[in-house]
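Thank you all for making the time this morning. I would like to walk you through one structure and say what its coordinates show, so please have a look at it before I begin.

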Amino acid sequence: MITLRTTTALLVRDFLVTSEDYLEGELHSEVKHEYVAGVVHAMACGRNVHNDVAGNVFLSFGIQLRGKPCRPYNSDTKVRVRLRTGSRFYYPDAEITCQPNPPNETYQDQPVVVVEVISDSTRRTDEGEKLDGYCALPSLEVYLLVESERALVIAYRRGATGFVREVYSGLDAIIPLDCIGATLPLVEIFETVVFPAPTSE
């Protein structure tokens, strides 16, 4: 078994880790790590507002999907992305799958909806590497990027020729998610969230 030793943000390593060793190590690690083609990255702790937004999203999904075949999962469940360049494992802030993996596994292979709450430290990865990875999943219908300091969500929705970018802004906006028989109102996403006061240039 590989022991994952970390400092601040990155794994201390001098070799590539197999996906099997990564998964085994995560079972015993006190810190979550994401995995990209043999390289393991420790995840930084999120701010309270990040967790508030992610929790609101999960709660909204949980209420709407109770008794239905599609299930919500929170940030304790990984998503496996298999690409030609190697496997990746990410911990999205929320995900919905309608064909879940066996209960003894720690990841899902077929999410239909994936949600990431954006922070300054994760923005580049969420909007770049993870966007490319998640949208390569054959099962994915919608990837949601949720801001935490303003009422704004960017949706990448699968269309006939690829993913189409959509913008939902303001607390009155509602994101339709027909693929799972649900909606995601921004007023629910940002319930209890206090946005920072705008600053003058």
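I will take the pocket, then the aromatic rings, then a few individual residues.

Before anything else, please keep in mind that this is a predicted model, and that every value I quote is computed from it.

Let me start with the largest pocket, which holds about 850 Å³ of space. Its lining is made up of 31 residues, and those lying nearest the centre are Glu 34, Met 43, Ala 44, Thr 122 and Lys 130. If you want to follow the lining on the screen, at least two residues each come from strand 3 (33-36), strand 4 (39-42), helix 2 (48-65), strand 10 (111-117), helix 3 (123-127) and helix 4 (129-134). Which element gives the largest share of that lining? That is helix 2, with five residues. As for chemical character, the lining divides into eleven nonpolar, eleven polar and nine charged residues.

I turn now to the aromatic rings. A pair of aromatic rings is described by the distance of the centres and the angle of the planes. By the rule used here, the count for this model comes to eight aromatic pairs. One of them is Tyr 90 with Tyr 134, where the ring centres are 5.5 Å apart and the planes stand at 70°, and because an angle over 60 degrees counts as edge-to-face, that is how this pair is classed. Tyr 90 sits in strand 7 (residues 86-90) and Tyr 134 in helix 4, so the pair ties together parts that are 44 residues apart in sequence. Both partners are buried, with a relative accessible area of 1% for Tyr 90 and 0% for Tyr 134. Elsewhere, Tyr 22, Tyr 35, Phe 89 and Tyr 107 form one aromatic cluster.

Two members of that cluster, Phe 89 and Tyr 107, come up again among the contacts of Arg 80, which, leaving aside neighbours within four places in sequence, also touches Arg 88, Gln 108, Asp 109 and Leu 137. Arg 80 belongs to strand 6 (residues 78-83). Is this arginine buried or exposed? Its relative accessibility is 17%, and since buried means under 20%, Arg 80 counts as buried. Its side chain makes a polar contact of 2.8 Å with the side chain of Asp 109.

Just ahead of strand 6, in the loop that follows strand 5 (71-74), is Thr 77, which counts as buried at 13% relative accessibility. With neighbours within four places in sequence set aside, the contacts of Thr 77 include Tyr 90, Pro 92, Glu 95 and Tyr 107.

Asp 93 is the residue I would ask you to look at with some care. It is found in the loop between strand 7 and strand 8 (94-97), and at 11% relative accessibility it counts as buried. What does its side chain meet there? A polar contact of 2.9 Å joins the side chains of Asp 93 and His 50, and a polar atom of the Asp 93 side chain also lies 2.7 Å from the backbone nitrogen of Val 117. Although Asp 93 and Ser 75 are 18 residues apart along the chain, their C-alpha atoms are separated by 4.5 Å. Beyond the neighbours within four places in sequence, Asp 93 is in contact with several other residues, among them Ala 54, Asn 74, Val 115 and Glu 116.

Further along the chain, Tyr 168 has its place in strand 13 (residues 162-169) and is buried, with a relative accessible area of 13%. A polar contact of 3.2 Å joins its side chain to that of Arg 157. Outside the neighbours within four places in sequence, the contacts of Tyr 168 include Leu 152, Val 153, Ile 174, Pro 176 and Leu 186.

Finally, a word on backbone geometry. Ala 37 is not a glycine, and yet it has a positive phi of about 50°; it is found in the loop between strand 3 and strand 4, and at 36% relative accessibility it counts as partly exposed. Thr 192, likewise not a glycine, has a positive phi of about 75°. Thr 192 lies in the segment after helix 5 (186-189) and is exposed, with a relative accessible area of 63%.

Technical notes:
Residues are numbered from 1 along each chain as its sequence is written. This is a predicted model: local features need pLDDT of at least 70, side-chain atom pairs count only at pLDDT 80 or more; totals for chains, interfaces and linings use all residues. Side-chain values use heavy atoms; hydrogens and water are left out. On a 1 Å grid over the protein atoms alone, a cavity is a set of points where a 1.4 Å probe fits but cannot get out, and a pocket is an open set with protein on both sides within 12 Å along at least five of seven lines; lining residues have an atom within 4 Å of a point. Grid points are joined across faces, edges and corners, and a volume is the space filled by probe spheres set on the points. Helices (H or I, at least four residues) and strands (E, at least two) are DSSP runs, numbered from the N terminus. Ala, Val, Leu, Ile, Met, Phe, Trp, Tyr, Cys and Pro count as nonpolar, Asp, Glu, Lys and Arg as charged, and the others, Gly among them, as polar. Rings of Phe, Tyr and Trp (its six-membered ring) pair if their centres lie within 6.5 Å; planes under 30 degrees apart count as stacked, over 60 as edge-to-face and the rest as tilted. Buried means under 20% relative accessible area, exposed over 50%, partly exposed in between (1.4 Å probe, protein chains only). A polar contact is a pair of N or O atoms within 3.5 Å; within protein, one must be able to donate a hydrogen and the other to accept it, and residues adjacent in sequence count only if both atoms are side-chain atoms. Contact means heavy atoms within 4.5 Å.
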